[in-house]
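Here is a walk through one protein model for someone meeting it now. Have the sequence and the 3D view open side by side, and follow along.

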Amino acid sequence: MKLYLSSYFFGNFAEKLIDLISPNKKVAVIMNAGDIYGDEQRPVYLSKEIEKFQKYDFIAEELDLRDYFNQSAGLAKKLAEYGAVWVMGGNSFVLRRAMKYSGFDKIIGPLVQNNSIVYAGFSAGSVVATKTLKGIELVDDPNLVPPKYNKEIVWDGLGLVDFSIAPHYQSQHPESEDIEAVVQYFIEKNIPYKALRDGEAIIVDDGKVHFLR
């Protein structure tokens, strides 16, 4: 199992991420955490991520989970093309809904477990890799509902790691102040967690967890 969980974009350890992804250099960029903000700026953000991967001779393209709502078989076939998924930030609850509606949440676990694909992401992309989204409602509004979505709140995460993640901790980020409350929630509820400052990341490689600070 290979994971790269960052606080903010690639963080300070892009080379570590790139080293995890091999030999298949095709990357699916998942941007559905941003569906709540509309699609106007989507091409701008996507272009930046594609350029980042191109610097390392990787081929990146968007994989829009909305195209696979209620079509999990099609998604499973598509995911087999990639060496990694790069799951971007935004609203964690919107992202988690997209993963459920498309069947991504059922498909990704076995692919990661048998090293068929690397799961990588930042902010919301890291948060949903955990067991639960409890506490994240203090920073992400779980009641925001984009078109094609319903109001159901999905609280369970993908369960790829056994601790929660608080991104943007003590960083120069608009959400950093709210993250302090999230960390306090984890402490009060005895939820195992890791707080990541922007630039930091967590790597899981064949069962070993490494904190990059």
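## A helix on the inside

Let's begin with helix α4, residues 92-102: 10 of its 11 residues are buried, so the helix is largely enclosed by the rest of the structure. Keep in mind that you're looking at a predicted model.

Which residues of α4 are buried? They are Ser92, Phe93, Val94, Leu95, Arg96, Arg97, Ala98, Met99, Tyr101 and Ser102. The cover over these buried residues includes β2, α3, β4, α5 (104-113), β5 (118-122) and α6 (124-127).

Both ends of the helix are worth a look. At the start of α4, Asn91 sends a side-chain oxygen to within 2.9 Å of the backbone nitrogen of Phe93. After α4 comes Gly103, and its phi is positive, near 85°.

One of the buried residues in α4, Arg96, also has a charged partner. Arg96 forms a salt bridge with Asp105, with 3.2 Å between the closest N and O atoms. Buried or exposed, what are these two? Arg96 is buried, and Asp105 is buried too.

## Charged pairs

Side chains of opposite charge can pair when their charged atoms come close. Searching the whole structure turns up 18 salt bridges. Here are three of them, with their N to O distances.

| Salt bridge | Closest N to O distance |
|---|---|
| Lys2 and Asp205 | 2.6 Å |
| Lys26 and Glu81 | 3.1 Å |
| Arg96 and Asp105 | 3.2 Å |

Start with Lys2 and Asp205, whose side chains meet in a salt bridge. Lys2 sits in strand β1 (residues 2-6) and Asp205 in strand β8 (residues 201-205), so this pair ties together parts that are 203 residues apart in sequence. Asp205 has a relative accessibility of 26%, so it counts as partly exposed.

Now for Lys26 and Glu81, joined by a salt bridge of 3.1 Å. Lys26 belongs to strand β2 (residues 26-30), while Glu81 is in the loop between α3 (72-79) and β4 (84-87), so the pair ties together parts 55 residues apart in sequence. Lys26 is partly exposed at a relative accessible area of 22%, and Glu81 is partly exposed as well, at 34%.

Some charged residues go beyond a simple pair. Asp35, Asp39, Arg42, Glu62, Asp64 and Arg66 are linked in a network of salt bridges. Let's zoom in on one member, Asp64. Where is Asp64 placed? You'll find Asp64 in the loop between β3 (59-62) and α3. Asp64 has a relative accessible area of 12%, which makes it buried. The side chains of Asp64 and Arg66 are joined by a polar contact of 2.9 Å. Setting aside its neighbours within four places in sequence, Asp64 is in contact with Asn32 and Arg42.

## A space inside

Rolling a probe the size of a water molecule over the atoms shows where empty space is left. How many cavities of 30 Å³ or more are there? The count comes to 1 cavity, and the largest cavity has a volume of about 40 Å³.

The lining of the largest cavity is made up of Gly90, Ser92, Ser123, Ala124, Val127, Ile136, Val139, Asp140, Pro167, His168, Glu175 and Ile179. Sorted by class, that lining has 6 nonpolar, 4 polar and 2 charged residues. Ser92 links this part of the story to the opening one: Ser92 lines the cavity, and Ser92 is among the buried residues of α4.

## Backbone oddities

Most residues other than glycine have a negative phi, and most peptide bonds are trans. With that in mind, here are three spots in the backbone.

The peptide bond from Ser22 to Pro23 is cis, and its omega is near 0°. Pro23 lies in the loop between α1 (14-20) and β2.

Next is Asp57, which isn't a glycine but has a positive phi of about 65°. Asp57 is in the loop between α2 (42-54) and β3. With a relative accessible area of 61%, Asp57 is exposed.

Last comes Asn115, a residue other than glycine with a positive phi near 65°. Asn115 is found in the loop between α5 and β5, and at 40% relative accessibility Asn115 counts as partly exposed.

Conventions: Residues are numbered from 1 along each chain as its sequence is written. This is a predicted model: local features need pLDDT of at least 70, side-chain atom pairs count only at pLDDT 80 or more; totals for chains, interfaces and linings use all residues. Side-chain values use heavy atoms; hydrogens and water are left out. A salt bridge is a side-chain nitrogen of Lys or Arg within 4 Å of a carboxyl oxygen of Asp or Glu. Helices (H or I, at least four residues) and strands (E, at least two) are DSSP runs, numbered from the N terminus. Buried means under 20% relative accessible area, exposed over 50%, partly exposed in between (1.4 Å probe, protein chains only). On a 1 Å grid over the protein atoms alone, a cavity is a set of points where a 1.4 Å probe fits but cannot get out, and a pocket is an open set with protein on both sides within 12 Å along at least five of seven lines; lining residues have an atom within 4 Å of a point. Grid points are joined across faces, edges and corners, and a volume is the space filled by probe spheres set on the points. Ala, Val, Leu, Ile, Met, Phe, Trp, Tyr, Cys and Pro count as nonpolar, Asp, Glu, Lys and Arg as charged, and the others, Gly among them, as polar. Contact means heavy atoms within 4.5 Å. A polar contact is a pair of N or O atoms within 3.5 Å; within protein, one must be able to donate a hydrogen and the other to accept it, and residues adjacent in sequence count only if both atoms are side-chain atoms.
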